[in-house]
Amino acid sequence: MSEVFSDGNMADVVRIGDRVRKQRGTWWTATECVLNHLEHVGYAWSPRVMDADEDWVELSYVPGRTIEADLSGYRDERWLDIIGRRIREYHDAMEGFRLPKGSETVAWPHQPSGDTIICHNDLSPWNTVVNGDSFTGFIDWDLISHGTREWELAWACWRWAPIYPQGERIPSSAEDQARRCARLLTAYGIDALVLEGFVDLIDTRMRAAVDVVEILGAESVPGFDRLLATGMHLSGHDDRAWLTEHRSTFEHEFAKLS
Ligand SMILES: Nc1ncnc2c1ncn2[C@@H]1O[C@H](COP(=O)(O)OP(=O)(O)OP(=O)(O)O)[C@@H](O)[C@H]1O
Ligand SMILES: [Mg+2]
């Protein structure tokens, strides 16, 4: 049985039975190390590396479907608890892990210093697989890099609140979004986080997401050239403007956490 996935934007992915074949990404060697480490320590929510050659990689199939960017069908706050906990387990599983010397990973622009863990860097609804009511895993580990827990969570809050301008597809107000961020952070466990300046970090994370596509797309890095052509990344500018407009709402909510 074979199925071509059309919900990704960067790579060609095909399912063949209990495996998926994906174009080998630029930083695959580092990704493979991380996925093998996660398998070794028993993290249950990442695909296993089954095979790879110079063009393709084969991963275990994670059963289910990905969640839409607008969280359609998955807006219940219970999901924030699940996602927060699953991210925390992943980060704890990476504690103390180092990539082999000389490993290459994506250079995220504007990333603050600090490299306590390996970040997935795209823990979004569209990289989260669910089977009905069950979470089955995080996929798309191609953009990992050294980073901090807060750097990863800035992205997760952006995508799971989500911090987007309120409108027809995004019914939540800034107040709702701020509360949803707080719920995700609480599920993760704020004991492990430094949240001072977190609104600024979210803003920086949004800026990095736009600029990385501009920079790597212009260099024709596979995947990023496709993203640049879609122009999808430019919505990050609108998200930044929305965050700036409602900055005090987010700050107020985060202040309650400390
Ligand atoms: N291990 C897996 N198990 C199940 N489905 C998968 C797996 N890997 C990929 N897929 C499916 O293929 C799609 C595209 O894969 P993936 O997210 O890895 O690629 P991408 O093009 O880099 O995506 P993105 O646009 O998020 O950057 C996913 O949205 C999912 O539907
Ligand atoms: Mg994806």
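Biologist: Which residues of α2 are buried?

Modeller: W79, L80, I83, G84, R86, I87, Y90, H91, A93 and M94. Buried means that 20 or more other C-beta atoms, placed from the backbone, lie within 10 Å of a residue's own. This is a predicted model: local features need pLDDT of at least 70, side-chain atom pairs count only at pLDDT 80 or more, and totals for chains, interfaces and linings use all residues. Residues are numbered from 1 along each chain as its sequence is written, while chains are lettered from A and ligands numbered from 1 in the order in which they are written.

Biologist: What makes α2 a helix?

Modeller: Helices are DSSP runs of H or I with at least four residues, and strands are E runs of at least two, numbered from the N terminus. α2 covers residues 78–94 and has 17 residues, so it meets the helix cut-off.

Biologist: How do you know what span is expected of α2?

Modeller: The expected span is 1.5 Å times one less than the number of residues. For α2 that is 24 Å, and the helix reaches 25 Å from its first C-alpha to its last, close to that value. G96, with a positive phi near 85°, follows α2.

Biologist: Why are β6 and β8 called paired?

Modeller: Two strands pair if DSSP finds at least two bridges between them. β6 and β8 have 2 bridges, so they pair. One partner of R65 is V130.

Biologist: How many bridges join β8 to β9?

Modeller: 4, and these strands run antiparallel. V129 partners G137.

Biologist: What makes β6 and β9 edge strands?

Modeller: In the open sheet the order is β6-β8-β9. β6 and β9 each pair on one side only.

Technical notes: Buried ≥ 20, exposed ≤ 12 C-beta atoms within 10 Å, placed from the backbone.
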